[in-house]
Amino acid sequence: MLGLMQQRPLLISSLLSYAETYHPGAEIVSRTGEGAFHRYDYRGLGVRARQLANALVALGVKPGDRVATLAWNSHRHLELYFAVSGMGAVLHTINPRLFAEQIEYIANHAEDSFVFFDLSFTALVEGMAPRLLGVKGYVALADRGQMPAATFGPLHCYEDLIAAADADYDWPVLDENTASSLCYTSGTTGNPKGVLYSHRSTVLHAFCACARDGLSLSSADSVMLIVPLFHVNAWGIPYAAAMCGAKLVLPGQALDGKSVFDLMVAEACNFSLGVPTVWLNFFRYIEETPGLPLAEVKLERVVVGGSAAPRAIIEKFHALLGAFTIQAWGMSETSPLATIGNLLPKHRNLPVEEIVDVQVKQGRAIYGVELRIVDADGKRLAHDGAEAGDLLVRGPWVTSGYFRGEGGEVLDDDGWFATGDVAKIDSDGYVRITDRSKDVIKSGGEWISSIDLENAAVGCPGVQEAAVIGVRHDKWQERPLLIVVRKPGHDVTGAAILGFLTGKIPKWWMPDDVVFVDELPHTATGKLLKLKLRQQFADHVLPQGGTPSSAAAAG
Ligand code: AMP
């Protein structure tokens, strides 16, 4: 027997309509390309998103067409989020930090029909335009006075399009499984692959961000959205913020410590989200700038994800700002929220240090996400916090396959998606990501977690950033090499770092060598590019004789 409830589709346009009706005055503050601030609210967003939808129709955008953006976090980019998907087209947010050839590849693969771009990307777009074969037009996110001289086209002015468009527009009632947005994963090998989200997956995912045991987002929050709108739907926050009427603060291109700090204070932000690198810069600014009004920072919760949150960051949020770090794990293929690091009641009265022990884990699966770990034969491993295996995931906001069939079948017979991460899951369900499977260091038949080593190393004073890779070793197969970027003005030595690590990691994990570099290679999403490091240090000769106790010796 079927239930008798209404079949109302879960649509992105309904999030905006709700925000306009119930939180019309909740603010949206945005730093524009010119550095000035633009302020309006969900009422204003609703009006301009409908004007934009009419403008898109006038440009000839049809349901299902891909509309690309190359843009920072701004109100205009947010309008595209709602207008493009709301009218039934697909928002393709391109990561501008990719190499130009990769951007060209994905814009052509996606068959983008229009490209909306911030002025800071004019030269990039100009260089690619002759090879973007399917593009029917370009729109500069600017007003008439700022329009660049066009050597490519047709080139439109965003503010002119909006000004000419009517604000009356009825959002179409789409099938909730209609594609809404498209993000390409920046794989370290092979061509990027497109993850195609739907209205339904996006709205369900937004509920998680608003749930108390999710990110607990609500109308009480002023959100500093540091994670870019071009990184996996900005972790779903634009949709979740509309769902609950949270204030949104969009920092534009200025993500340096000072700009983030000043804006956070000015807009009384109590919630923020970003990758570890942003927070490392943020704390460096705080530590190097005596006399900052730390008491004026209203931050209460910070979501850190994209890479493992180093213990030092979590501790600094506690100690310097009284803010709680919520570590989240996910990937483009999981929309991205999959596990979220909240505390259980039994943790609440623990001393801070033990609370941090919980926070360095990647959190527990949120409702809707199923997880399991398996060994190399696909056999299920125990959730005992000890066994490490390949992490599998499934759920209604997990991909079922890549855009246009790239990569072939990606689910196993039971619908599990292999994440490529290696993890342990403890008896409370907390996940601990120990590595990407291809980055695991295999030493003497045991595995060493490069992530744990890196996080321990960045806790050492004088260390700005650290990477650990496995280097060939005659006896132990591989041994860890620690590659360090020093903080400017510091001259910390290899011996001092190894001394600092003593007692913090198992003895046999101790890196065999430490090398210093000026900078580490990163992917376009800020992750360490270990493939490149492995190539760079492929012939590195480890010092002989001083090899630390082996896995075997550690028993
Ligand atoms: P992307 O698809 O570019 O968002 O990358 C997803 C990958 O980032 C995951 O498969 C993990 O390897 C890594 N990642 C994301 N969040 C975390 C986290 N909190 N801790 C460790 N690794 C993470």
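These exercises, with worked solutions, cover strands, a helix, a buried loop residue and the ligand site.

The model is predicted: local features need pLDDT of at least 70, side-chain atom pairs count only at pLDDT 80 or more, and totals for chains, interfaces and linings use all residues. Residues are numbered from 1 along each chain as its sequence is written, and side-chain values use heavy atoms, with hydrogens and water left out.

**Exercise 1. Place strand β1 in its sheet.**

Take the strand definition first: strands (E, at least two residues) and helices (H or I, at least four) are DSSP runs, numbered from the N terminus. Two strands pair if DSSP finds at least two bridges between them.

- Step 1. Find the first partner. β1 (residues 27-31) and β2 (residues 37-41) are antiparallel, with 5 bridges. V29 has R39 as its bridge partner in β2.
- Step 2. Find the other partner. β1 runs parallel to β11 (residues 247-250), with 3 bridges. Here S30 stands opposite L250.
- Step 3. Read the whole sheet. It is open, has 9 strands and mixed pairing, and follows the order β2-β1-β11-β10-β12-β13-β14-β15-β16. β2 and β16 (364-365) are the edge strands, each pairing on one side only.
- Step 4. Check cover. In β1, 4 of 5 residues are buried, where buried means under 20% relative accessible area, exposed over 50%, and partly exposed in between (1.4 Å probe, protein chains only).

**Exercise 2. Describe the ligand site, starting from β14.**

- Step 1. Locate the strand. β14 (residues 324-330) is joined to β15 (residues 337-340) by 3 antiparallel bridges. A328 is paired with I340 in β15.
- Step 2. List the shell. Of 15 residues around the ligand, A328, S332, Q362, D421 and R436 come nearest; a residue counts as near if one of its heavy atoms lies within 4 Å. β14 gives the most to this shell, with 4 residues.
- Step 3. Sort by class. The shell has 5 nonpolar, 7 polar and 3 charged residues.
- Step 4. Read the polar distances. A polar backbone atom of A328 is 2.8 Å from a ligand nitrogen. An N or O atom in the side chain of Q327 is 3.0 Å from a nitrogen atom of the ligand. A polar side-chain atom of K527 lies 3.2 Å from a ligand oxygen.
- Step 5. Judge the cover. Alone, the ligand exposes 500 Å², and the protein buries 91% of that. Areas come from the Shrake-Rupley method with a 1.4 Å probe.

**Exercise 3. Explain why D426 counts as buried, and find its contacts.**

- Step 1. Locate D426. It sits in the loop between β19 (417-425) and β20 (431-436).
- Step 2. Apply the cut-off. D426 counts as buried because its relative accessibility is 14%.
- Step 3. List contacts (heavy atoms within 4.5 Å). Beyond neighbours within four places in sequence, D426 touches K361, H383, D384 and G385.
- Step 4. Pick out the polar contact. The side chains of D426 and K361 are joined at 3.1 Å. Such a contact is a pair of N or O atoms within 3.5 Å; within protein, one must be able to donate a hydrogen and the other to accept it, and residues adjacent in sequence count only if both atoms are side-chain atoms.

**Exercise 4. Identify the buried residues of α4 and their cover.**

- Step 1. List them. In α4 (residues 100-110) they are I103, E104, I106, A107, H109 and A110.
- Step 2. Name the cover. It includes β3 (66-70), β4 (90-93), β5 (112-117), α5 (122-128) and β8 (179-185).
- Step 3. Look past the helix. E111 follows α4 and has a positive phi, near 55°.

How values were computed
Ala, Val, Leu, Ile, Met, Phe, Trp, Tyr, Cys and Pro count as nonpolar, Asp, Glu, Lys and Arg as charged, and the others, Gly among them, as polar.
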